[in-house]
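Work through these exercises with the structure in view. Try each task before you read its solution.

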Amino acid sequence: MRLSDSDITALLNSTTQYFTALGAPKPEFGVPYNLDNKSQKHPLLAYSGHIGISGSHRGGLVITCEKPVIEDLVQVVLGSAAESDEDLIPMIAEMANTISGNARTHFGSGFDISVPSVVVGEPEEFKFVLAEPTLVIPMTWKGHAANLIIGLT
Amino acid sequence: MKQEEIQVFINGTISYFAEVTGEKAELGIPYTKGPEQLLLDYSGHIGISGNRRGGLYITCPREMLADVTRKILLTDEVDDQSIFDMIGEIANTIAGNARTSFGSDFNISVPTIFKGKPANFRIVLRTPVVVLPINWKGYQAYLVVGID
């Protein structure tokens, strides 16, 4: 399913809302693009939170960030530095959950979201099956990279 | 998960391999996963929502997937793309089979597929996470389930 302009705007707003609700600076978005699954690798970074989507739509949403993004968010939310992965993993999971939850206000209550699964590290390849085209929304936050990846049928 | 719910996944996995390949899989004793990495060459993940929430993934060695693919497609030539698709299909079918027991509100996402097992790579599911060891034709694979 090709996402409409209003779908993409809703995803941008859902992501911005996550940061502003924490009192953190807004992210800066790059130009969204459709991934060519045959020639381009999915741009996963160090920590990725994945939400499976079912109900009115089927597919998945991933927020993937460089480590300093998650470390800084832990500092903002908890007021102390992350000591290990055990502090970072819940943060990326919560981020994926909140952004997906925010997106429900646009996609509707039939947009069912699973609990987050977290992927640490970068696999050789990654893809959503049957959910093409896959849209990538690049962003930077405090100078560090992150990507929102979404594929829906 | 209750014991009878774990049994749903055991039965679904056994019937998948028996029906699709004609050769039964044997399942080992389920155990609760610790923090260790449990990934083989290819992994297919399904997110679950609705009346239960969480996810599952199945992880298999490449040769096992090539063998399953050969049996299904009736060909000796198996390429990487077919193998990539096969792990998603297995995850999707096992999760879909579970719907017959968990009900139609047991909503499953499309599969997400991961290739590779770099040292720092892991899929973190809802805890407690149950591991079901699968043995099919001597190949070792794992079904890993973490749902509320």
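**Exercise 1.** Find how strand 4 of chain B pairs with strand 9 of chain B, and how many bridges join them.

Solution. This is a predicted model, so read each step as a statement about the prediction.
- Step 1. Strand 4 and strand 9 of chain B run antiparallel, and six bridges join them.
- Step 2. Take one pair: B:Thr59 has B:Tyr142 in strand 9 of chain B as its bridge partner.
- Step 3. Now turn to strand 3 of chain B, which is antiparallel to strand 4 of chain B and joined to it by seven bridges.
- Step 4. B:Thr59 takes part here as well, as the bridge partner of B:Ser43.
- Step 5. Trace the chain between strand 3 and strand 4 of chain B: a hairpin of three residues links them.

**Exercise 2.** Decide which residues of strand 4 of chain B are buried on each of its faces.

Solution.
- Step 1. Count first: seven of the seven residues of strand 4 of chain B are buried.
- Step 2. Sort them by face. B:Gly54, B:Leu56, B:Ile58 and B:Cys60 lie on one side.
- Step 3. B:Gly55, B:Tyr57 and B:Thr59 lie on the other, so both faces are covered.
- Step 4. Pick out B:Ile58. In the largest nonpolar core, of 80 residues, B:Ile58 is among those with the most contacts.

**Exercise 3.** Explain why the buried residues of helix 1 of chain B lie on the same side.

Solution.
- Step 1. Locate the helix: helix 1 of chain B covers residues 3-21 and reaches 27 Å from its first C-alpha to its last.
- Step 2. List its buried residues: B:Phe9, B:Thr13, B:Tyr16 and B:Phe17.
- Step 3. These cover an arc of only 85° around the axis, which puts them on the same side of helix 1 of chain B.
- Step 4. Recall the general rule: an α-helix has 3.6 residues a turn, so residues three or four places apart point the same way.
- Step 5. Check the face turned away from the buried side: it carries the exposed residues B:Gln3, B:Glu4 and B:Glu19.
- Step 6. Find the cover over the buried residues of helix 1 of chain B: it includes strand 1, helix 3, strand 8 and strand 9 of chain B.

**Exercise 4.** Describe the side of chain B that touches chain A.

Solution.
- Step 1. Here 28 residues of chain B are in contact with 30 residues of chain A.
- Step 2. Strand 3 of chain B gives the largest share of the chain B side, six residues.
- Step 3. That side divides into twelve nonpolar, twelve polar and four charged residues.
- Step 4. Strands pair across the chains too: strand 7 of chain A and strand 6 of chain B are antiparallel over four bridges.
- Step 5. In this pairing, A:Phe126 stands opposite B:Phe114.

Note on methods
Residues are numbered from 1 along each chain as its sequence is written. Chains are lettered from A and ligands numbered from 1 in the order in which they are written. This is a predicted model: local features need pLDDT of at least 70, side-chain atom pairs count only at pLDDT 80 or more; totals for chains, interfaces and linings use all residues. Two residues are in contact if their C-beta atoms, placed from the backbone, lie within 7 Å. Helices (H or I, at least four residues) and strands (E, at least two) are DSSP runs, numbered from the N terminus. Ala, Val, Leu, Ile, Met, Phe, Trp, Tyr, Cys and Pro count as nonpolar, Asp, Glu, Lys and Arg as charged, and the others, Gly among them, as polar. Two strands pair if DSSP finds at least two bridges between them. The expected span of a helix is 1.5 Å times one less than its number of residues. A residue is buried if 20 or more other C-beta atoms lie within 10 Å of its own, exposed if 12 or fewer, and partly exposed in between; C-beta atoms are placed from the backbone. The arc is that of the directions from the helix axis to the C-beta atoms. A nonpolar core is a set of buried Ala, Val, Leu, Ile, Met, Phe, Trp, Tyr and Cys residues joined through C-beta atoms within 7 Å.
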